[in-house]
Amino acid sequence: MKTRRILDTIYFLLNRRPVYHGLFWLTLFGLMLWTDYEKGVDMWFALSNELIQLFFYAFLVYVNLFYLIPNYLARHAFVYFGLTLTACAVVTPIEVLVFYLKFYNQPVFQAKLVGSQIWVFLGNFFVVIVSTVLRVIMDWWRYQNEKQALLTQTIQSELRFLKSQINPHFLFNTLNNLYALTLKKSDKAPEIVLKLSEIMRYMLYECNERRVLLTKEIQYIHNYLDLERLRQPKEADIVFTTQGNISEQMVAPLLFVPFLENSFKHGLNHHVQGGGFVRLNLHVSGEDLEFFIENSKAERLPRQDHPRSGGIGLANVRQRLEMLYPENHTLTVQDEPHRYAVTLHLKMI
């Protein structure tokens, strides 16, 4: 935890413009002084020269950062390149003149300076290009972090939405059945209360992490199906089987809920005379998971005078899977006249 806080602090500081600009100039200034030191140049003489050089570099870099890049780089790359060359070509003679006047009593340095103007120009152009590359990298880094933050926020929103989608009709019917059982003083009443309590506790408190134990998701499904069996006709065929080692695997919370809810909402609930089915199978092999669910479809759907509401559509389910398991899942849907089936292959990483 302490290491995480330190890394967050470092990231926060590096993301501050004065900090990374200061690091850039300090690094460049240090490299310039080190180069002079390697050549045996007097340190005070080198220090005054490099401060002047740094001023011209800074002028070009900030013209580049605050004017050329925002106005030309993305939309007019060739114009940007031409203006960069022009800026360096205009600044270089001024820079050479300043150094020429500084070396007024050193004709040898003045002669070398006049003969090396092309290298001064290339040095200026190189620093400007480096600043452009660093700006592009920083913008890309910032974009990736903003994208990741947005992705995390979206996933959390999807999860909150899932939590809010506890079907009110499901709860209402469950409570009605529970009331009927209590009137009959049935031994099943405490069990129903417990299962409903487990569902609510899991959805409200235990699934706030990015990953939860697969066993908890499976227990949620069992509780949900047990409560559905109370309100479905006795002829309804509701089966859930699991295969493989499920004791230590981790998955995204409430991953299977949309498929589970839709199988009843759009399937079994419309069988007014019973006889429908919902069948689920979950198979785990190492990190590979296969979730299969199928439900019967009534020949005629009851007429609805109002639009459907609640639940999560297949498009949103696909989007959530893309966010949580990019390139690590496949979702197959079979929509037949009397049967609807979904198969989800997942690599749990």
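**Reading a predicted model, feature by feature**

Mentor: Arginine 135 is a good place to begin, for its relative accessible area of 27% makes it partly exposed. Please keep in mind throughout that this is a predicted model.

Trainee: With which residue does the side chain of arginine 135 meet in a salt bridge?

Mentor: The general idea is to look for a side-chain nitrogen of Lys or Arg within 4 Å of a carboxyl oxygen of Asp or Glu. Here the partner of arginine 135 is aspartate 139, with an N to O distance of 3.1 Å. Both residues belong to helix H6, where they stand four residues apart, or about one turn of the helix. Aspartate 139 is itself partly exposed, its relative accessible area being 34%.

Trainee: What is the distance between the closest N and O atoms of aspartate 139 and arginine 142?

Mentor: That distance is 3.3 Å, and the two residues form a salt bridge. Arginine 142 also lies in helix H6, three residues from aspartate 139, which is again about one turn of the helix. Arginine 142 counts as partly exposed because its relative accessibility is 26%, a value between the cut-offs of 20% for buried and 50% for exposed.

Trainee: How many salt bridges does the structure hold, taken together?

Mentor: There are 11. Several residues can also be joined into a network of salt bridges, and in this model Asp237, Arg279, Glu294, Glu336 and Arg339 are linked in that way. Within the network, arginine 339 and glutamate 336 form a salt bridge whose closest N and O atoms are 3.2 Å apart.

Trainee: Is arginine 339 buried or exposed?

Mentor: Arginine 339 counts as buried because its relative accessibility is 19%, which falls under the 20% cut-off. Its partner glutamate 336, on the other hand, is partly exposed at 34%.

Trainee: I should like to turn to empty space; how much of it lies in the largest pocket?

Mentor: Rolling a probe the size of a water molecule over the atoms shows where empty space is left. In this structure the largest pocket holds about 980 Å³ of space. Its lining is made up of 27 residues, and those that lie nearest the centre are Asp36, Lys39, Glu50, Gln53 and Tyr57. By class, the lining comprises 16 nonpolar, six polar and five charged residues.

Trainee: Which helix gives the most residues to the lining of the largest pocket?

Mentor: Helix H2 does, with seven residues. At least two residues each are supplied by H2 (17-38), H3 (43-73), H4, H5 (107-115) and H6 (117-164).

Trainee: How many cavities of 30 Å³ or more does the structure hold?

Mentor: There are two of them, and the second largest contains about 30 Å³ of space. The elements that each give two or more residues to the lining of this second largest cavity are H3 and H4, with the largest share, four residues, coming from H3. The lining consists of Leu60, Val63, Asn64, Leu68, Thr84, Ala87 and Val128, and by class it has five nonpolar residues, two polar ones and no charged residue.

Trainee: Now for the surface: which residues make the nonpolar patch?

Mentor: The residues are Leu97, Tyr100, Leu101 and Val114, and together they make a patch of about 380 Å². Helix H4 (77-102) contributes the largest share of that patch, three residues. Leucine 101 has its place in H4, and it counts as exposed because its relative accessibility is 55%.

Trainee: How far apart in space are leucine 85 and phenylalanine 125?

Mentor: Their C-alpha atoms are 7.0 Å apart, although 40 residues separate the two in sequence. Leucine 85 is found in helix H4 and is partly exposed, with a relative accessible area of 29%.

Trainee: Finally, the backbone: what is the phi of leucine 254?

Mentor: Most residues other than glycine have a negative phi. Leucine 254 has a positive phi, about 55°, without being a glycine. Its place is in the loop between strand E3 (250-251) and helix H10 (257-265), and it counts as buried because its relative accessibility is 0%. Glutamate 327, likewise a residue other than glycine, has a positive phi near 60°, and it sits in the loop between helix H11 (314-324) and strand E6 (329-336). Glutamate 327 is exposed, since its relative accessible area is 79%.

Conventions: Residues are numbered from 1 along each chain as its sequence is written. This is a predicted model: local features need pLDDT of at least 70, side-chain atom pairs count only at pLDDT 80 or more; totals for chains, interfaces and linings use all residues. Side-chain values use heavy atoms; hydrogens and water are left out. Patches are made of residues with over 30% relative accessible area and no salt bridge: like charges are joined within 9 Å, nonpolar side chains (Val, Leu, Ile, Met, Phe, Trp, Tyr) within 5 Å. Accessible areas come from the Shrake-Rupley method with a 1.4 Å probe; for residues, only the protein chains shown count as cover. Buried means under 20% relative accessible area, exposed over 50%, partly exposed in between (1.4 Å probe, protein chains only). On a 1 Å grid over the protein atoms alone, a cavity is a set of points where a 1.4 Å probe fits but cannot get out, and a pocket is an open set with protein on both sides within 12 Å along at least five of seven lines; lining residues have an atom within 4 Å of a point. Grid points are joined across faces, edges and corners, and a volume is the space filled by probe spheres set on the points. Ala, Val, Leu, Ile, Met, Phe, Trp, Tyr, Cys and Pro count as nonpolar, Asp, Glu, Lys and Arg as charged, and the others, Gly among them, as polar.
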